[in-house]
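Subject: Structure for you to look at

Dear colleague,

Here is the structure I promised to pass on, with the sequence alongside. Please open it first, and then read the notes below with the model in view.

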Amino acid sequence: MHKRVHVYIAKELFRKLSLPKDYERIFVRAIVEPDNWRRRNPRRKHHYLQHSTILGYVNGARRAYINGDISACLSCLGVALHYIQDAFIPSPRTKKLRKIHARLEGKTGLYKSETLSMLRDAINEGFMVSVSSPKFIESVLLNIRWIYDEEEILKRAAKASAMVTAAVLGPKDPPSGLHEKYRMLKKEHDKRVLKASIASLISLATGSILTLLFTDLFALFLFIFFVTAPILSFGMIVFSDKEFYEVKEEADWYGIQ
Ligand SMILES: [Zn+2]
């Protein structure tokens, strides 16, 4: 995405945040920063969706916001938004795509006044539909695709940026009941981990004893079985606790320990 677009979107988003003007500089600097990293190290490409990198920056921004560190929040958010905006433009990884990329990137830099009002509308819409939750962020990221029309790229990039920004700087107070629900599920989860650990240890101990009783290949087979089975079952028991992990993500979003 053209630098001018990153900066314009950042300034429009910032206007909606009603924060002291001094912070704007930090936000604008962060939103163009990934291109400086790439210039310094050309292997650091970012024109494809780097899901976990973006999530890392978004969660970092939210954590900083919860802790009252607006500068750190805007720095992380700016970087995340840069990656999100660029991910709408096809990556220049083949000769044909390089041409398309250069054309679209060039065109997104030459916008007219109608384009600016379209960007503002997209940002307003993004703020309106945004929900402050990690699930919502996930859904925004899942909907990012390469687009081959420059107007549509700008619109989608601006709207996604607004949705993420409004979510990160959304309410700090958790929804009612979340605290209690998380505490209850955590208790259950800890019990589950304990049970799984004991079962795995018993299985390992049994395996070791049995291995001593048999010789050769059969012993080896037993050994492998009694080592892998407890590890797999431990993983299955602990990580299948889907409800806990979902609520944990939500709790993390509000800084609940
Ligand atoms: Zn870029």
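I begin with one helix pair in what is, please bear in mind, a predicted model: helix α1 passes α8 in a right-handed crossing. Helix α1 covers residues 3-15, and α1 packs against α8 with the two axes 11 Å apart and at an angle of about 40°, so α1 and α8 are oblique to each other. On the α1 side the contact is made by Val5, Ile9 and Leu13, while α8 brings Leu154, Ala158, Ser161, Ala162 and Thr165 to it. Sorted by character, the residues of this contact of α1 with α8 come to six nonpolar and two polar, with no charged residue.

Helix α8, which runs over residues 150-168, also packs against helix α7 (residues 134-142), and here the axes come within 10 Å and cross at roughly 165°. Because of that angle, α7 is roughly antiparallel to α8. The crossing of α7 past α8 is left-handed. The residues that meet are Phe136, Ile137 and Val140 from α7 and Ala160, Met163, Val164 and Ala167 from α8, and the contact of α7 with α8 divides into seven nonpolar residues, with no polar and no charged ones.

Turning to the whole chain, the secondary structure comes to eleven helices and zero strands. How is the chain divided into domains? The domain assignment gives domain 1 as residues 3-168 and domain 2 as residues 178-253, and the centres of the two domains, taken over C-alpha atoms, are separated by 41 Å.

As to overall dimensions, the C-alpha trace spans about 80 × 50 × 30 Å along its principal axes. The radius of gyration of the protein is 24 Å, whereas a compact globule of 257 residues would have one near 18 Å.

If you have time for one view, I would suggest the region around α8, since both helix contacts described above can be followed from there: Ser161 and Thr165 are among the α8 residues that take part in the contact with α1, and Met163 and Val164 are among those that meet α7.

With best wishes

How values were computed:
Residues are numbered from 1 along each chain as its sequence is written. This is a predicted model: local features need pLDDT of at least 70, side-chain atom pairs count only at pLDDT 80 or more; totals for chains, interfaces and linings use all residues. Domain bounds come from an automatic or database domain assignment. Axes are lines fitted to C-alpha atoms, for helices over the stretch in contact, and angles run from 0 to 180 degrees between N-to-C directions. Helices (H or I, at least four residues) and strands (E, at least two) are DSSP runs, numbered from the N terminus. Angles under 35 degrees count as roughly parallel, over 145 as roughly antiparallel, 65 to 115 as roughly perpendicular and the rest as oblique. A crossing is left-handed if the near helix is turned anticlockwise from the far one by less than a right angle, and right-handed if clockwise. Two residues are in contact if their C-beta atoms, placed from the backbone, lie within 7 Å. Ala, Val, Leu, Ile, Met, Phe, Trp, Tyr, Cys and Pro count as nonpolar, Asp, Glu, Lys and Arg as charged, and the others, Gly among them, as polar. The radius of gyration is taken over C-alpha atoms; the globule rule is 2.2 Å times the number of residues to the power 0.38.
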